[in-house]
Number of protein chains: 2
Amino acid sequence: MGNGPIQNRKRRATSYDVARLAGVSQSAVSRSFKPGASIAPETRDRVMAAATRLGYQPDAIARGLITKRSGIVAILISNLTNLYYPEVLAELSQELSARDMRVLLFSLANESEVDRVLDQIWRYRVDGVISAARLTDAQIRQFGERGVPLVLYNRAAETVPCASVSCDSAGGERELVTRLLDVGHARFAIVAGPEDSTVGEERVAAARALLERAGHPDVPLARGRYSYESGEACMRELLRQGPAPDAVICANDVMAIGAMDAARAHDLRVPEQISIVGFDGVAPARWASYRLTTIRQPVRRMTRAAIAMLAERIDNPDLIAERRVFSGELILGASARIPAAQDYR
Amino acid sequence: MGNGPIQNRKRRATSYDVARLAGVSQSAVSRSFKPGASIAPETRDRVMAAATRLGYQPDAIARGLITKRSGIVAILISNLTNLYYPEVLAELSQELSARDMRVLLFSLANESEVDRVLDQIWRYRVDGVISAARLTDAQIRQFGERGVPLVLYNRAAETVPCASVSCDSAGGERELVTRLLDVGHARFAIVAGPEDSTVGEERVAAARALLERAGHPDVPLARGRYSYESGEACMRELLRQGPAPDAVICANDVMAIGAMDAARAHDLRVPEQISIVGFDGVAPARWASYRLTTIRQPVRRMTRAAIAMLAERIDNPDLIAERRVFSGELILGASARIPAAQDYR
DNA sequence: CTGTTAGCGCTTTCAA
DNA sequence: TTGAAAGCGCTAACAG
């Protein structure tokens with residue numbers, strides 16, 4: 001304890017306490033803590049000394065009441081168990097903290113909670129919101145009405161203009177499918193995500209369109225819920241339904257991993273007998289047992305962009321909506337018969 | 001829009017606005033929103049009607065200023081990329097939200113950030129803190145001095161009494177090692193976590209103690225950083241150093257998974273030639289390519305306990321410190337030669 | 001550069 | 001049951 005801050009247990013020191021101890025006015029204390037405020041270096045030192053003695057820190061809550069800035073950004077995530085989202089959350093959290101903003105986390109077990117969460121968001125006067133959860137257009141509109149900056153992560157609004165960052169699902173999927181076609185895969189199948197997943201549907205639609213144009217209409221499709229187990233189940237379903245496919249396109253990595261395990265359980269060798277590709281580029285996709293061929297989302301670039309856009313909008317709420325779409329990076333793993341291809345186009 | 005709330009863009013409605021519209025005093029509005037306050041049902045209805053028309057919600061920030069309760073709990077997590085923590089975070093977040101508390105998330109890239117984070121915590125007047133990050137005793141003491149309730153998750157304080165929940169590392173590890181010994185494993189090796197990880201060291205110490213007593217002193221040990229890559233590297237190191245072990249005890253699942261892949265890359269069959277065990281019970285440990293034998297932490301029970309303890313201490317700050325230790329559950333996967341053993345004891 | 005003063009939006013006595 | 005009034009701890013004009 002020796003030279004630790006003196007302090008009556010419990011009651012925390014206020015700026016008045018510090019002012020009294022330093023022999024200055026309360027506003028001098030306030031100014032001492034505001035960078036660039038007009039205060040004599042000498043007074044400031046006295047104040048700071050008193051502050052540390054009392055263990056004083058300006059109260060962010062009280063400050064927010066008057067500055068209209070809480071320093072808090074809310075993050076909405078639908079399901080943290082998705083394996084892709086923890087990576088996103090870690091990046092967001094890191095970068096926000098570097099920019100001196102705090103994260104109020106809302107993880108939704110299901111979509112119906114959104115309204116309840118929005119209520120909380122209004123009450124806490126957050127400076128802005130990054131949402132990796134599905135929002136209806138009506139919900140998005142509320143942000144506009146209340147003047148709370150919003151950036152969507154990996155989703156987009158249907159009819160309302162709204163700032164967003166995302167990874168080019170269609171482009172990435174087309175790259176994968178083109179490669180698969182080029183080396184002569186012939187019996188395709190798709191493991192899709194839930195129908196209400198925008199990115200999932202984009203990926204599937206892009207794959208299908210390309211396949212159709214290449215003379216593969218009516219590709220068999222099974223729907224999972226983005227989980228490992230559902231990936232396994234989808235693969236089993238596809239194998240049961242007809243002749244084994246020689247290329248399976250999965251809407252995300254985790255299902256692709258489940259699909260690989262299920263295929264192997266059916267004594268199919270990956271990629272010799274069956275190619276399997278995913279999407280996202282999560283860590284386990286790189287594990288030696290899988291070495292998944294996939295499209296890696298540039299998570300860090302995307303999160304940084306999201307935060308930059310949000311910060312801009314916090315400073316200038318009337319900024320026009322903008323969508324930033326990043327290309328994913330093709331990761332040539334070992335789960336698909338695709339040539340390493342340097343001079344590829 | 002039709003019957004949506006009327007509202008001048010940007011400036012949010014205050015209790016005064018509502019009061020005026022409802023033709024009551026501002027304090028009547030306040031009371032209407034406080035459950036169990038003395039207010040005539042009829043007035044309350046008028047107020048509520050006005051409130052919805054204006055899209056009014058009591059401002060949590062302003063309320064906190066006077067009630068001394070922010071409704072916010074801070075969660076500290078060291079590294080979200082650990083795969084075990086997202087599961088914990090998801091549970092914590094879920095349960096806190098059910099109890100009408102918000103989560104302020106602090107994810108630390110490294111231990112040196114702790115002090116910076118604590119500063120923020122004091123400023124935001126959080127009602128309490130759950131820490132799954134390492135705190136020094138001096139840091140823990142600050143919580144006591146400031147009267148901020150703290151519950152440690154999977155760690156414990158050295159010399160300061162402090163509320164905590166954890167999983168019985170030693171007990172779990174002993175169960176694993178006993179089984180391995182019983183079936184005659186003879187050449188053990190350990191893949192440990194970083195030296196500054198308390199749980200990691202507990203697990204390793206328990207395993208070593210038991211092995212020593214069983215006539216296996218000086219078990220070779222390699223240190224990883226809890227990541228897949230480091231698990232792989234450790235296994236390679238162990239294989240390089242001497243005769244291949246027939247049982248490898250890993251301080252967590254992710255390293256065990258890395259170790260399995262590395263062992264297989266060396267053409268060792270798991271578990272026939274080498275048994276590998278982990279700790280935690282994360283989702284990928286159940287994947288068909290691994291089916292890891294491990295100890296599963298009862299995450300939901302632990303998180304619920306942590307929150308219950310925190311809530312108690314928020315209501316009664318002087319509550320005595322308590323440690324709750326939960327037993328892990330042995331998961332018999334297929335990564336170790338251990339009999340299914342029903343009548344085991 | 002410094003102190004005085006007026007709030008931010010709310011809850012909570014205290015009388016009526 | 002209700003309204004008036006006094007703050008919670010702070011920042012931001014405004015004079016001095």
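Student: How is the open sheet of chain B ordered, and is its pairing parallel or antiparallel?

Tutor: General idea first: strands in a sheet pair through backbone hydrogen bonds, either parallel or antiparallel. Here, two strands pair if DSSP finds at least two bridges between them, and strands (E, at least two residues) and helices (H or I, at least four) are DSSP runs numbered from the N terminus. In chain B, four strands form an open sheet in the order β7-β6-β8-β9, with parallel pairing. β7 (221-223) and β9 (275-277) of chain B are at the edges with a single partner strand each, so one side of each has no neighbour in the sheet. From one strand to the next, the twist averages 15°.

Tutor: Before we go on, a caveat: this is a predicted model, where local features need pLDDT of at least 70 and side-chain atom pairs count only at pLDDT 80 or more, while totals for chains, interfaces and linings use all residues. Residues are numbered from 1 along each chain as its sequence is written, chains are lettered from A and ligands numbered from 1 in the order written, and side-chain values use heavy atoms, leaving out hydrogens and water.

Student: How many bridges join β6 to β8 in chain B?

Tutor: Four, between β6 (residues 188-192) and β8 (residues 247-250) of chain B. Look for Ala189(B), which sits opposite Val248(B) in β8(B).

Student: Which strands does helix α8 of chain B lie across?

Tutor: For angles, axes are lines fitted to C-alpha atoms, for helices over the stretch in contact, and angles run from 0 to 180 degrees between N-to-C directions. Contact means heavy atoms within 4.5 Å. Helix α8 (residues 169-182) of chain B lies across β6, β8 and β9 of chain B, at about 180° to β8(B).

Student: What rotation superposes chain A on chain B?

Tutor: Copies are superposed by least squares on C-alpha atoms of residues with pLDDT of at least 70 in both. A 180° rotation with 0.1 Å of shift along its axis does it, RMSD 0.1 Å. The two copies are thus related as by a two-fold rotation axis.

Student: How much area do chain A and chain B bury between them?

Tutor: Buried area is the accessible area (1.4 Å probe) two parts lose on being put together, summed over both. Chain A and chain B bury about 5,500 Å², 55% of it on carbon and sulfur atoms. In residues, 57 of chain A are in contact with 57 of chain B.
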